[in-house]
Amino acid sequence: MSQSMRVRYSRNLVAALAIGLLGLPAWAQQDTSQTTASGPSTGQTSSPIAAAQQQLYTASGENGAQPTQDSFRGSVVEGKSTGTMMDLSLDEAIQRGLRNNLGIILQSSTQKNAGGQRLEELQALLPTVTASGSVEVQQINLAAEGLKFPGLNPIIGPFQVVDFRAFLTQNLVNVSALQNYIAAKHNFEGAKLTADDARNLVVLTVGNAYLLCVADAARIEAVNAEMATSKVSLDQATDAHDAGTSPKLDVLRAKVDYQNEEQRLISAKNDLAKDKLALARTIGLPLDQEFRLTDQVPFAALDHVNPDTAFAQALASRKDLAASAEQVKAARAEKTSAWASQLPVASFSGDFGDLGTTPGHSHGTYSATGKISAPVLQIAKTRGQEQVADAQYEQAKARLADQAQQVNADVRDSLLDIQAAEKLVEATHSNVELANEALSDAQQRFHAGVSDNLAVSQAQSQTELANDQYISALYQHNVAKLSLARALGIAQTNYKDYLGGK
C-alpha cells in the first residue's frame with residue numbers, strides 16, 4: 001500500500017471516527033506513519049492501526065458538562081474486577097458501551113437540561129399563583145403627616161393588621177413568549193435526537209477499539225509464527241557453521257533476525273495491552289479486569305451498495321440531521337419571537353385575601369387588573385434583536401445544508417474505503433502466500449548449501465511486511481464497513497450485519 005494511500009485512508013478513518021454530536025469535526029489529522037511517545041511502542045505497525053491507536057490514547061480530558069470528542073473515549077466504571085479472566089464478545093462490549101460510555105451519559109444530561117429550559121419557557125404561558133401571609137403592628141403619628149386636630153391625640157395605635165393573600169398573574173396574549181416556548185420545545189426535540197445519534201457514535205468508537213485489539217492479537221500470532229521460522233533459520237545457520245560449511249556471518253545475521261522478532265513480539269504485546277485498556281475505558285470496564293476477546297471478526301465482503309440509495313437512506317435515518325432540522329425550527333421561532341417583542345402584551349393580575357386586625361376580626365378583600373402594554377420607543381433594541389435572530393436562523397439553515405452534504409460525503413468515502421480495502425485484502429493475502437513460498441525456498445537453498453542466509457533474512461523481512469499489511473487491510477475493511485453503518489445512521493441496530501457481511 002503506497003504512502004499516499006495510507007495517509008489518505010488514515011485521514012478518512014479519523015474523520016469517520018470523530019465523535020461530535022452534530023457534524024463533529026474530525027480528530028486531529030497527523031502523519032500516521034509514526035507514533036508518538038504517548039502512543040504504542042514502535043515497530044512494524046501499520047499506519048492506519050497506529051493512527052487509530054493514537055486517537056484512543058491521546059484524550060485531552062476536556063469532557064466538562066457537554067459531550068465532546070474525548071467524551072466518547074471515556075466512561076463510568078461499572079462494577080469491580082472479578083479477579084479472573086473474563087470473555088468479552090463484540091456484542092457485549094458494545095452493550096457495555098451503550099450503558100456506561102461517558103458521551104452518552106453527558107448527552108443524556110444535556111437532554112435533561114434542554115427539557116428544563118423548555119419547562120421554564122412554558123411557565124410564561126401558564127398562570128402563576130403565589131401566596132403570602134403577614135402580621136403587621138403599626139403606630140402612626142398624624143402630626144408627622146401634617147394632620148393636627150385640636151383635642152385629638154395625634155398618636156394612633158399601636159394596632160395590628162393581619163393579611164393572608166393569594167396573587168394570580170396570567171399572560172393572555174404574549175406572542176413573543178409563545179415563540180420562545182416553541183423554540184425551546186424544538187431544542188428539546190433536537191437534544192433527544194442528538195442523544196439517539198450518540199448511541200451510533202458509541203458503537204463506532206467501541207467497535208473500532210475492539211477491532212484494534214483483534215488486529216493486535218492477530219499480529220502477535222503472526223510474530224510468534226515468524227519467530228518460530230526465524231528460530232529454524234538460526235538453528236540451520238548454527239549447524240552449518242559448526243559443520244564448517246557456513247561463515248559466522250550467517251549465524252550473526254540469523255541471530256539478529258531472531259532478536260528483531262523478539263523485539264517485535266514485545267512491542268505487539270504492549271500494543272495489545274494498551275489497546276485493551278483503551279477498550280476498557282470506552283465501555284466502563286475496570287482497568288484491572290483481565291479479559292480475552294472471543295470474536296475474531298474475519299473478512300466478509302460487503303455486497304455492492306449504490307451511493308445514491310445509501311445517501312437517501314442516511315437522510316431518513318441520521319438522527320443528527322433530524323436534530324439539526326429541529327435547531328433550524330428553533331431558530332425560526334426565535335426569529336419570530338424577536339419580531340413579536342414589539343407587539344402589545346395583554347395580561348391579567350389579581351389578588352384575593354383576608355384582611356383585618358386579627359384572624360377572627362377580618363374580612364375578604366380582592367383586586368383585579370387587566371393590562372395591555374406595548375413598547376413605544378425601543379426601535380434600536382427591537383431591530384437589533386431581529387437582526388441577531390435572523391443571523392442565527394441563516395446560520396442554522398446553512399449548517400443543516402452543509403451537514404447533509406457531509407453525510408453524503410461520509411457515505412461515499414466509506415464506500416470507496418470498503419472497495420479499496422477489499423482489494424487490499426485480496427492483494428495482501430496473495431502477498432503473504434508468495435512471501436511464505438519465497439521464504440521456504442530460501443531456507444531450502446541455504447540448507448542445501450546453494451546460497452548463504454542473506455536471501456533467508458530478506459525473505460523473512462518480506463514475510464513480516466506481508467503479514468503486517470494483510471492484518472492492516474483486514475482492519476481497514478472492517479472499520480470501513482462500521483463507518484458506513486454509522487454514516488447511514490444504523491450502526492447501533494445493524495452493526496452485526498456490516499461486520500459480518502451482507
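Two residues are in contact when heavy atoms of theirs lie within 4.5 Å. With that in hand, the helix packing of this predicted model can be followed residue by residue.

The protein chain has 11 helices and 6 strands. Of its 502 residues, 42% count as buried. Contacts between residues at least 6 apart in sequence are mostly long-range, since 81% of them join residues at least 24 apart.

Start with helix α3, residues 90-100, and helix α5, residues 175-242. From α3, the residues Leu90, Ala93, Ile94, Gly97 and Leu98 meet Arg199, Val202, Val203, Val206, Gly207 and Tyr210 of α5. By type, this contact between α3 and α5 comprises 8 nonpolar, 2 polar and 1 charged residues. The two axes come within 9 Å and cross at roughly 135°. Angles over 145 degrees would count as roughly antiparallel, and 65 to 115 as roughly perpendicular; α3 and α5 are therefore oblique to each other. Their crossing is right-handed.

Helix α3 also packs against helix α4, which spans residues 102-123. Here the angle is about 35° and the axes are 6 Å apart. Gly97, Leu98, Arg99 and Asn100 supply the α3 side of the contact, while Leu102, Ile104 and Ile105 supply the α4 side. The residues of this contact divide into 4 nonpolar, 2 polar and 1 charged. Gly97 and Leu98 of α3 thus appear in the contact with α4 and also in the contact with α5.

Next comes the nonpolar interior. The largest nonpolar core has 70 residues, and α5 gives the most to this core, with 20 residues. The residues with the most contacts inside the core are Leu88, Tyr210, Leu279, Phe291, Val411, Leu484 and Leu488. Tyr210 is also one of the α5 residues that meet α3. Leu88 can be followed further: leaving aside residues up to four places away in sequence, Leu88 touches Ala93, Arg96, Tyr210, Leu279, Ile283, Phe291, Arg292, Leu293 and Thr294. Among these partners, Tyr210, Leu279 and Phe291 are themselves on the list of residues with the most contacts inside the core.

A last stop is strand β5, residues 345-358, which holds Ser347. The relative accessibility of Ser347 is 18%. Buried means under 20%, so Ser347 counts as buried. With residues up to four places away in sequence set aside, the contacts of Ser347 are Gln170, Asn171, Leu172, Thr369, Gly370 and Lys371.

Definitions and conventions:
Residues are numbered from 1 along each chain as its sequence is written. This is a predicted model: local features need pLDDT of at least 70, side-chain atom pairs count only at pLDDT 80 or more; totals for chains, interfaces and linings use all residues. Side-chain values use heavy atoms; hydrogens and water are left out. Helices (H or I, at least four residues) and strands (E, at least two) are DSSP runs, numbered from the N terminus. Buried means under 20% relative accessible area, exposed over 50%, partly exposed in between (1.4 Å probe, protein chains only). Axes are lines fitted to C-alpha atoms, for helices over the stretch in contact, and angles run from 0 to 180 degrees between N-to-C directions. Angles under 35 degrees count as roughly parallel, over 145 as roughly antiparallel, 65 to 115 as roughly perpendicular and the rest as oblique. A crossing is left-handed if the near helix is turned anticlockwise from the far one by less than a right angle, and right-handed if clockwise. Ala, Val, Leu, Ile, Met, Phe, Trp, Tyr, Cys and Pro count as nonpolar, Asp, Glu, Lys and Arg as charged, and the others, Gly among them, as polar. A nonpolar core is a set of buried Ala, Val, Leu, Ile, Met, Phe, Trp, Tyr and Cys residues joined through side-chain atoms within 4.5 Å.
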